[in-house]
Structures are given as C-alpha cells and as structure tokens.
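Please work through the exercises below with the structure open beside you, and try each task before you read its solution.

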Amino acid sequence: VGGTALGARAAGGGGSAAAGPLVFDPDAYTRLTTTVTDTDGTDHAVTYHFWKAVTYVADPVDVKYQSLNVSVPVEIDGTAVDASGAPILFANSVGGYMPSSVADATGIGGAGMGGGMPGGGAPSGSPAPSASASAPGANGSTNPTGGALDTNQRLALAAGYVVVEPGARGRILKDSGGTYYGTAPAAIVDLKAAVRYVRSNRGRIPGDVDRIVSAGTSAGGALSALLGASGDSPLYEPYLKELGAADASDAVFATGAWCPITDLEHADAAYEWNWGTNVTQSTGSTVDQAVSKQLRAQFAEYQASLRLTGLNGFGPLTARTYDTYLVEQYLEPSATTYLAGLSAADRAAYLAANPFIGWAGGKARFSWSDFLTHVGARKKTAPAFDAFDLSTGENNEFGAGTTGARHFTAYGARHDTTGLGSRRVAADIPAKLRLMNPMYHLVDEPNPHRAKHWWIRLGTKDSDTSLTVSANLAAAAHRLGDEVDHRYYWDEGHGANTDPGAFVAWIAEVTG
Ligand code: DHB
C-alpha cells in the first residue's frame with residue numbers, strides 16, 4: 001500500500017481543506033478545454049481538470065521547480081470519461097540537465113525550462129498559449145524536447161489518461177551564497193519525490209497510482225530511464241528525507257525514454273567507438289585523433305564488462321560485434337520501415353540519392369561504415385561529455401557546493417586543463433554516478449523494483465551520444481526479463497518522437 005502514514009493521516013480529512021502539505025486537494029482545479037489532433041489528423045475536443053503548481057515536497061528548496069501539474073480528462077468529444085482508474089503518464093520536461101518548471105504553465109504541456117537562471121533572473125518562455133508549441137527556455141536555450149513531449153502528453157489526455165507533469169531542479173541553479181542546489185542528484189531526487197507525492201495521494205489524485213508511466217527526452221529521457229531503473233532504491237533515501245518527500249513508493253510501472261543521454265561516465269568512450277571515424281565536427285573543427293583513439297579503447301573494456309547479449313538471439317555485445325548488432329537489429333529495420341512507408345517514387349528517389357542502401361525483397365541493407373558516412377559530421381568534440389576544460393553541461397551536472405563544474409571520469413580528470421590541483425575525480429563522484437546511472441541499477445545491482453516495461457526511441461542521426469547507450473539500456477533490461485520495445489527512427493536527429501500514437505497505445509497495452 002502506497003499511502004502509509006501520510007495517507008492514513010489525511011484520510012480523515014474527508015475532502016475538506018487539505019490536511020497537510022502533501023495532501024492533494026481534489027477540488028483545487030480549473031476546468032479547461034483543448035483540441036488535440038491525433039496522429040491520423042483527427043481533432044478531438046477534450047475538457048479536462050487542471051491542477052497547477054502543486055508543491056510535491058514538505059520542505060522544498062525551490063517551489064518553482066519542486067511542483068507538478070495534473071491534467072485529468074473529464075469529457076472527450078462530448079462523452080463523459082472517468083479517468084479515476086486510468087494510467088498516469090508522468091512526463092518530465094527536463095532538457096540539458098537544466099531546471100524545468102511547470103509553475104507558469106496555463107494548461108497541459110506548457111512546461112518550459114522554467115527560466116533557468118538562479119534567482120529567477122530571466123523570465124521563462126511565453127506561457128504557451130497554443131499548447132502544441134514547444135516552449136523556449138531562458139538564456140536562448142530551447143528545450144529541444146518540448147514539442148515531442150508535449151505531443152505525448154496531449155495524446156495521452158485525449159486517450160483518457162491522467163497526465164502528471166513534474167518540474168525538477170537543474171544544474172545551473174545557485175543560491176545567493178553561490179552554492180549550486182540543482183546539480184546531481186537533485187533532478188532525480190525531485191522526480192522521485194514527485195512520484196511519491198502521487199502515490200501517497202492514492203484515491204485523491206485521479207488515476208491508477210500503481211500504473212505510473214514515466215516519459216522524458218534526452219536528459220529527461222535519461223532521468224526517465226533512471227526513474228524506471230532505480231525505483232525504491234534506498235540510495236536516494238537521505239535526499240528524499242531532507243526534502244520531506246511523501247512516505248510512499250517511488251517505483252514506476254513503465255518507462256518511456258527518448259534519446260536518453262545517460263551512462264555519462266562511459267559515454268565519452270562509447271561516443272568515440274560510435275562516431276570516432278567521423279573526424280569532423282558539425283562546427284567544422286577536427287577532433288583530436290589521439291584522444292579519440294584512447295577513449296575508443298576504453299569502450300572495449302567497458303562493453304566487455306557488461307557481459308550483455310543482444311536482443312533476438314544475437315550473441316555477446318562487444319566492441320567487435322556492436323557494429324553488426326546495431327546494423328542488423330536496429331538500423332536496417334529502421335531504414336526498411338522508413339522506405340516501406342514511402343511511395344514507390346519517393347522510395348526510388350531516396351535510394352537513388354543514397355546508393356549505399358541496398359533494397360531487395362522489401363528490406364534495406366548497408367554496412368556500418370557506409371551508415372557512418374551517411375550520418376556525416378559528429379555533433380561533439382572529444383571527449384564529448386567530460387571535457388578537459390570543464391565546459392560541458394555534464395561537467396556542471398556534477399558540480400557541487402560552490403564549484404560549478406567538475407570532472408566525473410578518471411580520464412577527464414587526468415587531462416584537466418583548468419589548473420586543478422588534483423588530477424583525480426572528487427571523492428563523492430563515484431556515489432553520485434551510481435545515483436545518476438540507470439545501468440548501475442540494471443547491471444551492477446539489478447533492482448527488483450524497477451519498471452518492467454521499456455519504450456526506448458532514438459534517431460539514427462542523433463550524435464548527441466553513442467547509439468550504443470540506449471541499446472545497452474535495452475539489452476540490460478531485457479536480460480532481466482523485462483519487456484523492451486526499442487526502435488530507431490531513420491534519419492531523425494536529437495529529440496525525435498515520430499510514433500507518439502504508438503507510445504500511447506503501448507501504455508494501454510502494458511497497463512491493461
Ligand atoms: C541534452 C543533450 C545533450 O547533448 C547532452 O549532452 C545532455 C542533454 C538534452 O537535449 O537534454
């Protein structure tokens with residue numbers, strides 16, 4: 001039972017004024033209407049109840065981020081619907097490990113990056129008058145994922161599901177004393193606290209609190225995967241206690257993760273294994289080949305240590321076999337689906353423009369090296385994540401105290417160019433990495449309370465991280481016996497979500 005002490009205490013309240021800081025008020029909604037265009041292009045009129053900026057911890061550090069919105073459909077195309085037992089889509093809008101706030105949203109899907117600057121400096125993007133638009137973040141940074149996530153949420157609402165949109169602290173938040181309060185593990189702790197809040201309000205928040213389906217893209221996809229992998233892990237307990245999180249389970253039932261930027265401490269090596277032969281960056285500069293080769297060598301060791309095998313009977317996944325695996329398991333099927341969906345004329349044109357693809361018997365075939373040439377310039381330099389000059393968002397994500405950016409790999413620390421006294425990672429880093437990496441909870445210490453259903457998606461032209469990252473996540477979950485639906489979107493880049501209708505149908509299937 002999720003409710004425990006808090007639920008029991010609140011139960012006597014009987015729908016009157018909230019009985020405590022973590023008691024959801026079923027009556028505190030506004031009634032809104034929206035039009036949701038489904039994937040067939042059909043419009044649906046949806047009336048829903050909207051709860052805004054509900055603080056989800058008793059001792060918040062920053063309510064702007066530690067609050068959530070709830071949307072519950074009550075009428076779809078003129079027919080009353082009862083969502084009291086419906087699945088709950090728990091959709092974060094984190095991008096770039098930045099802060100994400102839902103506090104200014106005026107309806108479902110209105111989350112931006114929440115202003116970003118500490119102290120509320122820059123205003124956040126416009127409050128999304130059209131809920132289908134993605135919301136720009138502050139500092140000129142746009143959450144690349146806003147549009148995709150927004151689509152999931154709106155389609156879920158029109159399918160009759162409850163949608164919870166949590167905010168979360170992010171890496172750039174700093175208090176007046178210069179202390180960073182949104183770096184790792186703040187975002188995952190916040191999302192867990194939000195899940196606990198929902199669970200502890202069983203019977204007050206509409207929806208089935210035992211059918212929470214998490215979703216997120218990129219850094220948000222990483223956090224969604226982590227939420228799925230680390231459910232009820234005791235490692236987070238001290239952090240949750242400090243925030244006054246509700247006393248309830250933070251396990252989620254299923255996980256949706258789009259282009260998850262995760263397994264960060266191994267991502268530099270994986271990146272060079274994948275994109276290392278693409279020596280030119282999209283900026284036009286050439287990547288340091290010595291660094292690339294050293295990192296690439298590290299990948300072989302790491303990948304071997306996982307002892308994973310591929311889906312569908314593919315053997316061991318190693319640095320030697322992974323190219324074949326990606327091509328056969330993911331890339332050729334992705335191209336096949338794409339090409340099969342084109343008209344004969346468009347297909348012929350595409351194949352003429354891309355002669356590296358063989359098309360026979362309704363199937364696409366090509367080599368890994370031709371695929372890499374097709375993708376072309378890589379997005380990031382080497383190392384892609386733990387930069388020698390501490391310049392990446394991930395360096396900031398592993399900042400602590402008044403230090404805004406730190407190394408989180410031995411290799412990065414050893415090659416530091418910022419004049420640090422120590423050439424080693426800080427003593428607290430290994431524990432922080434465990435708190436941030438779903439692979440720890442799937443491989444090192446398999447977590448029995450993890451999500452058992454995984455929806456993972458990634459564009460084939462997404463070079464924000466290695467294509468192996470999500471494939472490893474899928475293989476690790478699959479090895480534990482979980483149901484895994486992992487596909488790559490052909491020729492799509494970072495943040496793509498080209499089958500949101502299928503995701504919403506999948507929710508019904510796995511929660512049914
Ligand atoms: C995101 C993208 C990145 O390339 C990265 O390193 C971290 C996060 C993002 O889009 O969320």
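The exercises that follow concern a predicted model, and each one pairs a task with a worked solution.

**Exercise 1. The chain as a whole**

Task: Find how many helices and strands the chain has, and what share of its residues count as buried.

Solution: Begin with the secondary structure, where the chain shows 16 helices and 12 strands. Next turn to burial, for which the cut-off is a relative accessible area under 20%; of the 512 residues of the chain, 58% count as buried. Then consider the contacts in the chain with a separation of 6 or more, of which 72% are made by residues 24 or more positions apart. Finally, the accessible surface of the chain amounts to about 18,800 Å², and carbon and sulfur atoms hold 53% of that surface.

**Exercise 2. The surroundings of the ligand**

Task: Determine which residues come nearest to the ligand, and which atoms of G96, K380 and E394 lie close to its oxygen atoms.

Solution: The ligand has 11 residues around it, and those that come nearest are G96, S218, K380, E394 and D464. Sorted by class, this shell contains 4 nonpolar, 4 polar and 3 charged residues. Taking the atoms one residue at a time, a polar backbone atom of G96 is 2.5 Å from an oxygen atom of the ligand, whereas for K380 an N or O atom in the side chain is 2.7 Å from a ligand oxygen. In E394, a polar side-chain atom is found 2.5 Å from an oxygen atom of the ligand. As a last step, the ligand taken alone exposes 290 Å², and the protein buries 88% of that area.

**Exercise 3. The two sides of helix α9**

Task: Explain why the buried residues of helix α9 are said to lie on the same side of the helix, and find what they pack against.

Solution: Start by listing the buried residues of α9, which spans residues 344–353; they are R347, Y350 and L351. Because these residues cover an arc of only 95° around the axis, they fall on the same side of α9. On the other side of α9, by contrast, A345, A352 and A353 are exposed. To complete the picture, look for the partners of the buried residues, which pack against α8 (322–340), β9 (358–360) and α10 (368–375).

**Exercise 4. A serine in helix α7**

Task: Decide whether S292 is buried or exposed, and name the residues that S292 touches.

Solution: First locate S292, which belongs to helix α7 (residues 289–306). Its relative accessibility is 2%, and so S292 counts as buried. Leaving aside residues up to four places away in sequence, S292 touches E272 and G276.

**Exercise 5. Backbone details in the loops**

Task: Describe the peptide bonds from A184 to P185 and from A382 to P383, and then examine phi for D232 and D491.

Solution: The bond from A184 to P185 is cis, with omega near 5°, and P185 sits in the loop between β6 (162–166) and α3 (186–200). The bond from A382 to P383 is likewise cis, with omega near -5°, and P383 is in the loop between α10 and α11 (393–397). Turning to phi, D232 has a value near 60°, which is positive although D232 is not a glycine; D232 is in the loop between α4 (219–229) and α5 (237–243). D491, which is not a glycine either, has a positive phi of about 60°, and its loop runs between β12 (483–489) and α16 (500–511). For accessibility, D232 counts as partly exposed at 27%, and D491 is partly exposed with a relative accessible area of 22%.

Conventions: Residues are numbered from 1 along each chain as its sequence is written. This is a predicted model: local features need pLDDT of at least 70, side-chain atom pairs count only at pLDDT 80 or more; totals for chains, interfaces and linings use all residues. Side-chain values use heavy atoms; hydrogens and water are left out. A residue is near a molecule or strand if one of its heavy atoms lies within 4 Å of it. A polar contact is a pair of N or O atoms within 3.5 Å; within protein, one must be able to donate a hydrogen and the other to accept it, and residues adjacent in sequence count only if both atoms are side-chain atoms. Accessible areas come from the Shrake-Rupley method with a 1.4 Å probe; for residues, only the protein chains shown count as cover. Ala, Val, Leu, Ile, Met, Phe, Trp, Tyr, Cys and Pro count as nonpolar, Asp, Glu, Lys and Arg as charged, and the others, Gly among them, as polar. Buried means under 20% relative accessible area, exposed over 50%, partly exposed in between (1.4 Å probe, protein chains only). Helices (H or I, at least four residues) and strands (E, at least two) are DSSP runs, numbered from the N terminus. The arc is that of the directions from the helix axis to the C-beta atoms. Contact means heavy atoms within 4.5 Å.
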